[in-house]
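User: Please take me through the assignments for this structure, setting the values against the criteria behind them.

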Amino acid sequence: MPSDNILLEVKHLKKFFPVRKGVLRRVVAQVKAVDDVDMYIKEGETLGLVGESGCGKTTAGRTILRLIEPTGGEILFRSKKLAAAGEEYRIVNIATASRRALKALRRDMQIIFQDPYSSLNPRMTVGSIVGEPLLVHGISRGSEREDRVRELLGAVGLKPDHMKRYPHEFSGGQRQRIGIARALALDPQLIVADEPVSALDVSIQAQVLNLLEDLQGEFGLTYLFIAHDLSVVRHISDRVAVMYLGKIVELVETEQLFTNPRHPYTEALMSAVPVPDPDYKVERILLEGDVPSPVNPPSGCYFHPRCRYAKEICSQELPLYRDLGGEHFVTCHFADALRLQPVRTG
Amino acid sequence: MWRRLREAARRAKRNPLTVVGLLMVALVIVLAIFAPWIAPHPRDIQVVHPNDLFRPPSLEHLFGTDEMGRDILSRVIFGTRISLRIGTLVVVLALAIGLPLGIIAGTFGGLLDEILMRVTDIFLSFPPLLLAMAISAALGPRLENAMIAIAIAWWPWYARLIRSEAVSIRERAYVEAARAVGTSWPRILLRHVLPNCLAPVIVQASMDFGSVILTSASLSFLGLGAQPPTPEWGLMITVGRTFFLTHWWIVTFPGLAILLAVLAFNLTGDGLREILDPKAKRW
């Protein structure tokens, strides 16, 4: 099914955090932050990953980079840098990669953080922050490294003489650019952008988003773009995955998601998107109740207690994550039957 | 670098007590370095003057003389050398043990953290002076042993302090960024965690300088530290206390020296806390 331009494929990815109690620190429960996630990202595309806070989207991103050890599943990455002579690429399972392989893989995949304040070491100059990846991987040294850092700063719209300054001398938007320069330093194929604009002023958000798009074209980057702001996601993503309680409930090409949602949770999310037209009346779907605890998810479909279309079967059987055709993946028993309300386009 | 120093100086000036503290510390250091030239009777460290016993303070002997006729001012001045050496060595030794253990425990967490912290708890469960006394008594009453004893009683405080800092630092995104880049753990510890948890350690260490001087004076006072005829302040008080009622100056001046030295380091520590305060910090 998936074509051969797939850069990253995640199969049955799981991350459970143990809940320990008592003196003996016995494991009394598991927080299922990422619960059986399947998805793939094609080379050069931007896959948006949306969901409420606490739904596991950030954990999913970190687990894919193995900054957090996965509990189970496979993370297959098509690496060009790890290819042996004569090969065009090599498929590596990040989940089981050895420490050495993992270090080499770091050159292929990088991360941009949400908070531009805590993501830069306040005791390091911008030059040494952006140059650290080069130093650690022994890629270039001395003046060669300085030149490369200057080049990277230029690529993200900063001045070369910013090198000698410290992070606190920059604004939030500029700091985020520094973080982006660091992520670009190793010339990666995949960048996990973890809510890269959520912490920025709205006026700055657009600048940074445009920068990310420009860089994607320039360096052939593939993004996993984690966000909760649907208009941002719509603007930047080619396809979007919607997560709920550690599972992907719907994954499809962006416009399809907005005009033809097939999962009730997506519909509810979409109805919250503001439309800039005062005469436009949308039926706001207000979800009732709270997000259930990922320690003890509901029986059957995780969404059924809050779903207005729920039937008997929804509380009993976990729906399968399936392709409705045309790479439209949904986790709902009634995805074919329901007629859901789209977001008005334009 | 210059900008940082100027910023620090500007902040120090806002709190005049910091300046007083720094000046006093500077004075102690100058006295220690130039003791042989500053002390009016430098030979009195060893030499006894049977004809000058118990002279009250006068122009010749500003602080008077002791039961062996030695100039107390000179001995107090030479005492700065000993106190500074004790302070420096003990703090450095305690940091050398506490710093690496605390950073490792805090950054890595888990079982390692658990083991290291339980060990520090064992040390922390004794009052530091009592522990230092016990160790010093076991090792034998010498100044060097007293210093080792104090350092052993002291390092757990640093380990604890640094651990708590490291625990908060390891959650910062820049540590995660360093991992995402493939930075090795030793480098993460040295370049990312350590520099960012140093500020409270510097403050604590500068204040401890005073406490260590006080503790070593206490040990010497109890006969567990320096031995005669060393011009150690605590020891001078022990010897002088026999004559306190008739010859007050023998005890009073070494006592004042301890008071002022401890005060100097405490004021400096307080000031540093303000200068290095992460909330007010702009570097």
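User: Which residue is the bridge partner of A:Val10 in β4(A), and what makes β1(A) and β4(A) a pair?

Analyst: In this predicted model, A:Val10 has A:Ile75 in β4(A) as its bridge partner. Strand β1 (residues 6-21) of chain A and strand β4 (residues 72-79) of chain A are joined in the antiparallel sense over 5 bridges, and because pairing requires at least two bridges, the two strands count as paired.

User: Where do these strands stand in their sheet, and which are the edge strands?

Analyst: The order is β2-β1-β4-β5 (chain A), an open sheet of 4 strands with antiparallel pairing. The edge strands are β2 (26-42) and β5 (90-93) of chain A, each of which pairs on one side only. From one strand to the next, the twist averages 25 degrees.

User: Why are β6 and β11 of chain A said to stand at the edges?

Analyst: They belong to an open sheet of 8 strands with mixed pairing, in the order β6-β7-β8-β3-β9-β10-β12-β11 (chain A). β6 and β11 of chain A each have a single partner strand, so one side of each is left without a neighbour in the sheet.

User: How do you know that β3(A) and β8(A) are paired, and what packs on the sheet?

Analyst: Strand β3 (residues 46-50) of chain A and strand β8 (residues 222-227) of chain A run parallel and are joined by 5 bridges, and since at least two bridges are needed for a pair, the criterion is met. Within β8(A), A:Tyr223 stands opposite A:Thr46. Helix α1 (residues 57-64) of chain A packs on this sheet, touching β3, β7 (190-194), β8 and β9 of chain A, and its direction makes about 150 degrees with that of β8(A).

User: Why is β10(A) called largely enclosed by the rest of the structure, and which strands pair with it?

Analyst: Of the 7 residues of β10(A), 6 are buried, so the strand is largely enclosed by the rest of the structure. β9(A) pairs with β10(A) in the antiparallel sense over 6 bridges, with A:Arg239 having A:Glu253 as its bridge partner. β12(A) pairs with β10(A), likewise in the antiparallel sense, over 2 bridges, and because the requirement is at least two, that pairing just qualifies; A:Glu250 stands opposite A:Val330 in β12(A).

User: What makes A:Leu245 worth a remark, and is it buried or exposed?

Analyst: A:Leu245 has a positive phi of about 50 degrees although it is not a glycine, whereas most residues other than glycine have a negative phi. The residue lies in the turn of the hairpin formed by β9(A) and β10(A), which has 2 residues between the strands. With 22 other C-beta atoms within 10 Å, set against a threshold of 20 or more, A:Leu245 is buried.

User: How do you know that A:Glu327 and A:Arg150 are partly exposed?

Analyst: A residue is partly exposed when its count falls between the exposed limit of 12 or fewer and the buried limit of 20 or more. A:Glu327 has 16 C-beta neighbours inside 10 Å and therefore counts as partly exposed, and A:Arg150, with 18 inside that distance, falls into this class too. A:Glu327 is found in the loop between β11 (322-323) and β12 (329-330) of chain A, and has a positive phi of about 55 degrees although it is not a glycine. A:Arg150 is placed in helix α4 (residues 142-155) of chain A; leaving aside its neighbours within four places in sequence, A:Arg150 is in contact with A:Pro160 and A:Met163.

User: Why is α7(B) called roughly antiparallel to α9(B)?

Analyst: Helix α7 (residues 143-169) of chain B and helix α9 (residues 185-221) of chain B pack at an angle of about 155 degrees, with their axes 10 Å apart. Because angles over 145 degrees count as roughly antiparallel, α7(B) is roughly antiparallel to α9(B). Their crossing is right-handed, and the residues of their contact divide into 15 nonpolar, 4 polar and 2 charged.

User: What makes the peptide bond from B:Pro228 to B:Pro229 stand out?

Analyst: This bond is cis, with omega near 5 degrees, whereas most peptide bonds are trans. B:Pro229 lies in the loop between α9 and α10 (233-241) of chain B.

Technical notes:
Residues numbered from 1 in each chain as written. Chains lettered and ligands numbered in written order. Predicted model: local features only at pLDDT ≥ 70, side-chain atom pairs only at ≥ 80, totals over all residues. Axes fitted to C-alpha atoms, helices over the stretch in contact; angles between N-to-C directions. Parallel < 35°, antiparallel > 145°, perpendicular 65-115°, else oblique. Left-handed = near helix turned anticlockwise from the far one by under 90°. Nonpolar A, V, L, I, M, F, W, Y, C, P; charged D, E, K, R; others polar. Contact = placed C-beta atoms within 7 Å.
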